[in-house]
Amino acid sequence: MWNARSRSEPVSPWCGVVLLLMPALLIAIDVSVLFVAGPAIAAAMHPTSAQWLWAMDIYGFVLASLLITMGGLGDRIGRRRLLLAGSALFGAGSVAAAYAPSAGWLIGSRAVMAVGGATLAPSTLSLIGGMFVAEQQRARAVAAWSIAFAGGAIAGPIVGGALLARFWWGAVFLINVPVVVLLLVIGPFVIAEQKSPSVVRFDVIGAVLSLPAVLGLVYALTRSTGGRNGGALTIAAAGVGIAATALFIRRQHIAANPLVELSLFKVRGFGSAVGANTIVAMVTAGVGLLAFPFMQLVHGLTPLQSALCALPTIGGACTGPILASALVPRYRPDQLLIAGLFIAAGGLAIISTVHLDTPLWVFIGGYIVLTFGTGISATMGNSVVLASAPPQQAGAASGISETSSQLGAALGIALLGTLASLTYRSAYSSTTTHRDPAWKNSADVIGLAGTRHPTMTDATLGSIRHAYTSAITTAALVSALVTGLIALYLSIVLATRKSMSRQA
């Protein structure tokens, strides 16, 4: 049986849930807040192009590559213990990043933060899942966790803008410290320890193989967006990732105590939930990458104004999980997951109808529908993952779920970013008469968001806005089709399984 050991049993599991939502919120904020603070950091440190890319990407790369390892490690040594140790490391890395004297120091500090952050995501989710036996209560707790992640990603730019208006850029990292201190002081008293009741050896070889497997794939996918250290380096990274993945899978088949029990994917619903999480992360990251520049380039908003306009989308991100958890007694989680995918596809379809003269509220409305649908799907997907996995494998299962989301986000940025770039270039070339090469690259015009280059004519600006609108609507249309087809496929599979079970 599963054992939960602690020096002090919590008064209520919901006290532990509330505390665990804080690090979940921080992880999401820490990714998006840097987008706003980036220009201030660049102006202060004057990094090279390579240093700047690594400073932006190192956190996500290291985080993704360690999620499975940390999830499995928590199952062995104790999830609360790993959470508290990782939180301390995350806090130390945050202080080091806030007072970084150079770009190299900042990159190293971000890497340390990622190592600590990799313990937080699987540990918080698996700890929350282990606090509840009833499916409805677990669904409500996972819904709160999903809201923290979704809300943090949207709140990041707003928090960053507010801090930069009053303090220096290091403040965006120091906001992590009070939460870390609170978690370290209160955590041992309100969070019960959870770990495998049997002492088993940790799969070191599997852990080592998982690092290049995930890191290589994420690096290749992220760099394939065009013009970012592509070519041979990207191909080599992809090759390393694929080869390491094959070796990792082989290792998990033959290991006495595998890091990941591959039989989990044979459990009904587990594979579908992981796949749905991947799709949700892909479309939200891919379209989200284009959303803020769209509001700034096409509608002339400042970064802070665009972040404030995105506030209503938090309503969708919060309402979706809440409604999903409330409907669990009436509908199965897999049914709600599929419904969420169809709703998300509808929101993407609305975004795909936007044109240059469409009011901004139409775009925001479509985005609210998108976040509402993805909120339902993500909540039910994570709930199915936790319910499907044996309790002693909850940490590893959470790591798989989070890793699939990281890979999905990288895939969305790579594929949809490339599609948007190609669409922008084609649309710009077809609408401008002088074919000014200076604005044919979408990455260059994103840097002009909220401003206007002094040499830019009204005709050129109109062509840029038209081209960027075409780029985001094309990406949204493709995302809607992919999401809708996946939802339809899962619906057919679900109906087939129900028919087979009745015949049996």
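A nonpolar patch of about 370 Å² lies on the surface of this predicted model. Its members are Val181, Leu182, Leu184, Val185 and Ile186. One of them, Val185, belongs to helix α7, which covers residues 176-190. The relative accessible area of Val185 is 52%; exposed means over 50%, so Val185 counts as exposed.

Three other helices can be described by their length. The table gives the computed distance between the end C-alpha atoms and the span expected at 1.5 Å a residue.

| Helix | Number of residues | End-to-end C-alpha distance | Expected span |
|---|---|---|---|
| α9 (232-254) | 23 residues | 33 Å | 33 Å |
| α10 (270-297) | 28 residues | 41 Å | 40 Å |
| α12 (311-327) | 17 residues | 25 Å | 24 Å |

For α9, the distance between the ends agrees with the expected span. The buried residues of this helix are Thr234, Ala237, Gly241, Ala244, Phe248 and Gln252.

The end-to-end distance of α10 also agrees with its expected span. There is nevertheless a bend of about 25° in α10, located at Gly288. Most of α10 is covered, with 21 of its 28 residues buried.

In α12, the distance between the first and last C-alpha atoms is close to the expected value. Where do the buried residues of α12 lie around its axis? They are Thr313, Ile314, Gly316, Ala317, Gly320, Pro321, Ala324 and Ser325. These residues cover an arc of only 160° around the axis, so they are on the same side of α12.

Between α9 and α10 there is a loop, and Ser263 is located in it. Is Ser263 buried or exposed? Its relative accessible area is 35%, which makes Ser263 partly exposed, because this class lies between under 20% for buried and over 50% for exposed. Ser263 and His253 are 10 residues apart along the chain, and their C-alpha atoms are separated by 9.4 Å.

A further pair of residues involves helix α1, which runs over residues 13-45 and contains Ala42. Ala42 has a relative accessible area of 26% and is therefore partly exposed. In sequence, Ala42 and Ala103 are 61 residues apart. In space, the C-alpha atoms of Ala42 and Ala103 are 8.8 Å apart.

How values were computed:
Residues are numbered from 1 along each chain as its sequence is written. This is a predicted model: local features need pLDDT of at least 70, side-chain atom pairs count only at pLDDT 80 or more; totals for chains, interfaces and linings use all residues. Side-chain values use heavy atoms; hydrogens and water are left out. Patches are made of residues with over 30% relative accessible area and no salt bridge: like charges are joined within 9 Å, nonpolar side chains (Val, Leu, Ile, Met, Phe, Trp, Tyr) within 5 Å. Accessible areas come from the Shrake-Rupley method with a 1.4 Å probe; for residues, only the protein chains shown count as cover. A salt bridge is a side-chain nitrogen of Lys or Arg within 4 Å of a carboxyl oxygen of Asp or Glu. Helices (H or I, at least four residues) and strands (E, at least two) are DSSP runs, numbered from the N terminus. Buried means under 20% relative accessible area, exposed over 50%, partly exposed in between (1.4 Å probe, protein chains only). The expected span of a helix is 1.5 Å times one less than its number of residues. The arc is that of the directions from the helix axis to the C-beta atoms. The bend at a residue is the angle between axes fitted to the seven residues ending there and the seven starting there.
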